[in-house]
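Q: I have a new model open and would like to learn how to read it. Can we go through it feature by feature?

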Amino acid sequence: MCYLGRVKISIDELKAQSQHIEFKETIEGLEAVKPVVGDITLSLSSYGVKVVGRVQTLLKLHCDRCLRPYFQSMALDIDEQLVYPSEEDMQRDRELLKDDFVELLPADGLIDVTDLLYQAITLATPSHLSCGSECPGLPSGASGSSGKTLAGDKKSQDLIDPRWKNLKTIFSNDEKDKN
Ligand SMILES: [Zn+2]
């Protein structure tokens with residue numbers, strides 16, 4: 001099967017039979033340098049739709065400490081339940097359901113597999129990013145500090161003009177005072 005763009009599976013398709021997807025797609029919005037690849041199976045369950053499988057990709061992340069980019073391979077098991085929303089769900093329990101990582105089935109009956117995987121990978125991405133035990137720590141040393149100095153010099157150069165303008169203003173004020 002060949003998919004173009006986002007992978008969407010309708011509940012009607014699932015009623016006929018479970019859908020097995022060989023997923024391979026570059027997901028927009030992810031810091032991925034490789035397409036997300038894997039096997040996903042969607043099937044009807046008693047409360048909605050069950051999505052299981054395994055996907056992997058390679059993310060390009062930036063270390064929180066040294067700010068260097070690094071690559072992290074991601075492989076994660078997908079095990080999601082999409083439940084039919086009840087009237088109550090639509091109202092008071094919606095936030096609660098989200099907290100429990102239970103997704104509601106979309107009203108149009110089209111399950112956006114791409115979005116599901118995007119969210120799963122985003123959730124699995126660590127909030128504290130570290131390039132690893134080899135991390136050199138906060139940016140410092142010759143290259144880092146000289147870069148900063150250059151930037152600083154440029155800034156102070158830019159500031160010279162206003163200072164001269166200020167001096168001129170002071171002079172003119174002095175002259176006014178004299179007058
Ligand atoms: Zn680092």
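Q: Which residue in β5 is the bridge partner of Lys60?
A: This is a predicted model, so treat each pairing as a prediction. For Lys60, the bridge partner in β5 is Phe71. The two strands, β4 and β5, run antiparallel and are joined by 15 bridges.

Q: Where should I start with the overall fold? What pattern does the protein chain follow along the sequence?
A: Start with the elements, then their order. The protein chain has 5 helices and 7 strands. Along the sequence they follow β-α-β-β-β-β-α-α-β-β-α-α. Then look at the contacts. Of those with a separation of 6 or more, 58% are between residues 24 or more positions apart. Burial is the next number to check. Of the 179 residues, 12% count as buried.

Q: How do I read confidence? Which element has the lowest mean pLDDT, and which the highest?
A: Low pLDDT is a warning: predicted coordinates should not be read in detail there. Here the chain has a mean pLDDT of 78, and 66% of its residues reach 70 or more. The lowest element mean, 48, belongs to helix α5, residues 141-178. The highest, 97, belongs to strand β3, residues 36-44.

Q: Over which residues does pLDDT stay under 50?
A: That stretch is residues 142-161. The model has 2 contacts beyond four places in sequence for it.

Q: How do I read a sheet? What is the order of the strands in the open sheet?
A: Take the strand order, then the sense of each pairing, then the edges. The open sheet has 5 strands in the order β2-β3-β4-β5-β6, and its pairing is mixed. The edges are β2 (19-25) and β6 (103-104). Each has a single partner strand, so one side of each lacks a neighbour in the sheet.

Q: How many bridges join each pair, and in what sense do the strands run?
A: Go from one edge to the other. β2 and β3 are antiparallel, over 7 bridges. β3 and β4 are also antiparallel, with 8 bridges. β4 and β5 are antiparallel too, with 15 bridges. β5 and β6 pair in the parallel sense, over 2 bridges.

Q: Which residues can I use to find the register?
A: Pick bridge partners and step across. Ile21 has Ile40 in β3 as its bridge partner. Leu42 is partnered by Val51 in β4. Ser43 stands opposite Lys50, also in β4. At the β6 side, Leu82 stands opposite Glu103.

Q: How many residues lie between the strands of each hairpin?
A: Count the residues that link the two paired strands. The hairpin of β3 and β4 has 3 residues between them. The hairpin of β4 and β5 has 6.

Q: What is the phi of Leu67?
A: Most residues other than glycine have a negative phi. Leu67 has a positive phi, near 65 degrees. Leu67 is placed in the loop between β4 and β5.

Q: Is Leu67 buried or exposed?
A: Count the neighbours. Leu67 has 12 C-beta neighbours inside 10 Å, so Leu67 counts as exposed. The cut-off for exposed is 12 or fewer.

Q: And Leu61: how many other C-beta atoms lie within 10 Å?
A: The number is 17, so Leu61 is partly exposed. Leu61 is in strand β4. Beyond four places in sequence, Leu61 touches Glu31, Tyr70, Gln72 and Leu129. The C-alpha atoms of Leu61 and Val33 are 10.0 Å apart, with their positions 28 residues apart along the chain.

Q: How do I read a core? Which residues of the largest nonpolar core touch the most other members?
A: Find the best-connected members, then the elements that supply them. The core has 15 residues, and Phe23, Ile40, Val51, Val113 and Leu117 touch the most other members. Elements giving two or more residues are β3, β4 (48-62), β5 (69-83) and α4 (113-124). α4 gives the most, with 4 residues.

Q: Where does α4 lie, and what does Val113 touch?
A: Look for the strands under the helix, then follow one side chain position. α4 lies across β2, β3, β4 and β5. α4 runs at about 125 degrees to β5. Leaving out residues up to four places away, Val113 touches Val7, Lys8, Ile9, Ile21, Phe23 and Ile40.

Key. Residues numbered from 1 in each chain as written. Predicted model: local features only at pLDDT ≥ 70, side-chain atom pairs only at ≥ 80, totals over all residues. Buried ≥ 20, exposed ≤ 12 C-beta atoms within 10 Å, placed from the backbone. Contact = placed C-beta atoms within 7 Å. pLDDT = per-residue confidence, 0-100. Core = buried A, V, L, I, M, F, W, Y, C linked by C-beta atoms within 7 Å. Pairing = 2+ DSSP bridges. Axes fitted to C-alpha atoms, helices over the stretch in contact; angles between N-to-C directions.
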